[in-house]
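Got your viewer open? Let's go on a short tour of charged side chains that pair up.

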Amino acid sequence: MKIKIIFFIGFVYQFSFGQVETTINESQIPTPKITYTQFDFVVPFKGNKNRGDYYSDGSQNNNWFIPDGLGAKFGYGIHYNKWIGVSANSGLDFYGSYKLVTAPVFTNFRISPRIGEETRITAQYGIGKSFAIGRGNLQGIYQKGNIGIETGEGICIFIEGNHHGYIIGNALDKVYSINIGLCLFNF
């Protein structure tokens, strides 16, 4: 009989669960995160020198601009209410027409006023140094500026202009580009 009672008590305890919740400093509000990361993907475009020419199939080349490479940059910074921020950035850019890979290292300033419930217009300006990879000691002042539309999820589509501050080949080959890109912010 004792074994049956012990077995019954053990069986009942298997179905019982107790949890004590304790709230400490209930009035304290958690501090918001002031850091953010950003990741940019860009496609540089250049003017089409062959616009108006005819292809071998008889069709005409009517493109004003053609893709000229690919770029990716990463940044880490601080912000105030997603409205204004500053970050340290670096990345790689490839330009096919110059046969060039660059590594810009720059400080990025951003301002993002809200224009809708979840939409912001984002303007960014970056300044720093650009290093040409595989071209000896070729470096220059890097500058970029972009403007775009940012969603509430932290996705921004933008148009950007940048200049690397050095010349490849002759005096006409200044390294600059107009880019279309996608930026991902994580606040």
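**Stop by stop: the salt bridges**

Start with Asp-93. With a relative accessible area of 3%, Asp-93 counts as buried because it falls under the 20% cut-off. Keep in mind as you look around that this is a predicted model.

Next, select Lys-73. Lys-73 is buried too, at 1% relative accessibility. Now show both side chains: Asp-93 and Lys-73 meet in a salt bridge, with 3.1 Å from N to O. Color the strands and you'll see that this pair links distant parts of the chain: Asp-93 sits in strand β4 (residues 84–95) and Lys-73 in strand β3 (residues 69–80), 20 residues apart.

Why would such side chains get together? Side chains of opposite charge can pair when their charged atoms come close.

How many salt bridges are there in the whole structure? A search finds three, so you have two stops to go.

Jump to Glu-150 and Arg-110. Their closest N and O atoms are 2.8 Å apart, and the two form a salt bridge. Glu-150 belongs to strand β7 (residues 139–150), while Arg-110 belongs to strand β5 (residues 100–111), 40 residues apart along the chain. Are these two buried or exposed? Both Glu-150 and Arg-110 are buried.

For the last stop, stay in strand β7 and pick Lys-144, then add Glu-160 from strand β8 (residues 155–167). Here the closest N and O atoms of the salt bridge are 3.3 Å apart. Lys-144 and Glu-160 lie 16 residues apart and again link distant parts of the chain. Lys-144 is buried, and so is Glu-160.

Methods
Residues are numbered from 1 along each chain as its sequence is written. This is a predicted model: local features need pLDDT of at least 70, side-chain atom pairs count only at pLDDT 80 or more; totals for chains, interfaces and linings use all residues. Side-chain values use heavy atoms; hydrogens and water are left out. A salt bridge is a side-chain nitrogen of Lys or Arg within 4 Å of a carboxyl oxygen of Asp or Glu. Helices (H or I, at least four residues) and strands (E, at least two) are DSSP runs, numbered from the N terminus. Buried means under 20% relative accessible area, exposed over 50%, partly exposed in between (1.4 Å probe, protein chains only).
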